[in-house]
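Thanks for coming, everyone. I would like to take a few minutes to walk through one model, starting with how the chain is put together and ending with some backbone details.

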Amino acid sequence: MRILVVEDDLKTSQYIAKGLSEAGHICDVLADGHDALFAATRDAYDVIVADRMVPGLDGLSMIKAVRAAGVRTPAIFLTSIGGVDDRVEGLEAGGDDYLVKPFAFSELLARINALGRRPAAQEQKTTLRVADLEMDLIMRRVTRHGQTIDLQPREFSLLEVLMRGEGRVITRTMLLERVWDFHFDPKTSVVETHISRLRSKIDKPFETQLIHTVRHTGYSLHA
């Protein structure tokens, strides 16, 4: 694939470019958002990798402008901030994925390859639905059977992970990493406590249970 990398940190850009070249891809590196906008709208790229904080035109504004120009090239943001609000902001700007720094190149490469396999015209979801449960990622609003459900920020993040993995088993370790950014076991019942709170709001008032416990493994959300 031909990949545009927008990164102003020289060591990081060299690291990415070297890895992509070794993986057989063609890589163009630019350090300025304005230059990147010109290149992305002029040349045909398969994937754009953009740091959110670059000079000239920040990555978020650059991707917004690229989308406004009608260019649908898949884009992944590199960012040092990985909260739900930041991810939603990136998705709303036209991004397709994000990766928080510091990152492993193997993960970046896997994400780039996944984006490169997507149909070019695929639209990014801003609403998640499972049965009668709906999550608006832009307005940060959750409803079930038309009733608004008030969730705390961490509960919203937890539910988002479960809904994105509809029907799949999400392990406790995965939840600790994705919701709490823990890369170790804190030896607490934080996951179980939040799942219990989420169930009291998502499942208890309704007839059909959506959040299911997979014994000794994790949880799965499905009708």
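When I speak of residues packing or touching, I mean contact in the sense of heavy atoms within 4.5 Å. With that in hand, the buried residues of helix α7 pack against four elements, namely α6 (153–164), β10 (170–171), α8 (190–202) and β12 (218–221). Please keep in mind throughout that this is a predicted model.

Let me step back to the whole chain before returning to that helix. The chain holds eight helices and 12 strands, and its C-alpha atoms fill a box of roughly 55 × 35 × 30 Å along the principal axes. For 223 residues, a compact globule would have a radius of gyration near 17 Å, and the 19 Å of this chain agrees with that. Of the 223 residues, 44% count as buried, and the chain exposes about 11,700 Å², of which carbon and sulfur atoms supply 51%. If we take the contacts between residues at least 6 apart in sequence, 58% of them join residues at least 24 apart.

Now back to α7, which spans residues 172–180 and in which R172, L175, L176, V179 and W180 are buried. On which side of α7 do these residues lie? They cover an arc of only 100° around the axis, and therefore they sit on the same side of the helix. The general background is that an α-helix has 3.6 residues a turn, so residues three or four places apart point the same way. Just after α7 comes D181, whose phi is positive, near 60°.

One of the elements that α7 packs against is α6, and a residue worth pausing on there is L162, which lies in that helix. L162 is buried, with a relative accessible area of 0%. Which residues does L162 touch, leaving aside those up to four places away in sequence? The answer is I170, L175, I195, L198, Y219 and L221, and of these L175 was already named among the buried residues of α7. As for L221, it is 59 residues from L162 in sequence, yet the C-alpha atoms of the two are 5.8 Å apart in space.

Next, the aromatic rings. How many aromatic pairs does a search of the whole structure find? It finds two. In one of them, the rings of Y15 and F103 have centres 6.4 Å apart and planes at 40°, so this pair is classed as tilted. The pair links distant parts of the chain, since Y15 belongs to helix α1 (residues 10–22) whereas F103 belongs to the loop between β5 (97–100) and α5 (105–117), 88 residues apart. Y15 is partly exposed, with a relative accessible area of 41%, while F103, at 14%, counts as buried. The other pair is formed by Y15 and F105, and it is edge-to-face, with 6.0 Å from centre to centre and 70° between the planes. This pair, too, links distant parts of the chain, with Y15 in helix α1 and F105 in helix α5, 90 residues apart. F105 also counts as buried, at 14% relative accessibility. Taken together, the ring pairs link Y15, F103 and F105 into a cluster.

The loop that carries F103 also holds P102, and the peptide bond from K101 to P102 is cis, with omega near -5°. Here it helps to recall that most residues other than glycine have a negative phi, and most peptide bonds are trans.

That brings me to R140, which has a positive phi of about 55° although it is not a glycine. R140 lies in the loop between β7 (133–136) and β8 (141–144) and is partly exposed, with a relative accessible area of 30%. Where does the charged end of R140 sit? It sits over the ring of F156, 4.3 Å from the centre of that ring.

Finally, H216 also has a positive phi, near 65°, and again the residue is not a glycine. H216 is found in the loop between β11 (211–214) and β12, and with a relative accessible area of 77% it is exposed. I will stop there and take questions.

Technical notes
Residues are numbered from 1 along each chain as its sequence is written. This is a predicted model: local features need pLDDT of at least 70, side-chain atom pairs count only at pLDDT 80 or more; totals for chains, interfaces and linings use all residues. Side-chain values use heavy atoms; hydrogens and water are left out. Rings of Phe, Tyr and Trp (its six-membered ring) pair if their centres lie within 6.5 Å; planes under 30 degrees apart count as stacked, over 60 as edge-to-face and the rest as tilted. Helices (H or I, at least four residues) and strands (E, at least two) are DSSP runs, numbered from the N terminus. Buried means under 20% relative accessible area, exposed over 50%, partly exposed in between (1.4 Å probe, protein chains only). A charge sits over a ring if NZ of Lys or CZ of Arg is within 6 Å of the ring centre and within 35 degrees of the ring normal. The radius of gyration is taken over C-alpha atoms; the globule rule is 2.2 Å times the number of residues to the power 0.38. Accessible areas come from the Shrake-Rupley method with a 1.4 Å probe; for residues, only the protein chains shown count as cover. The arc is that of the directions from the helix axis to the C-beta atoms.
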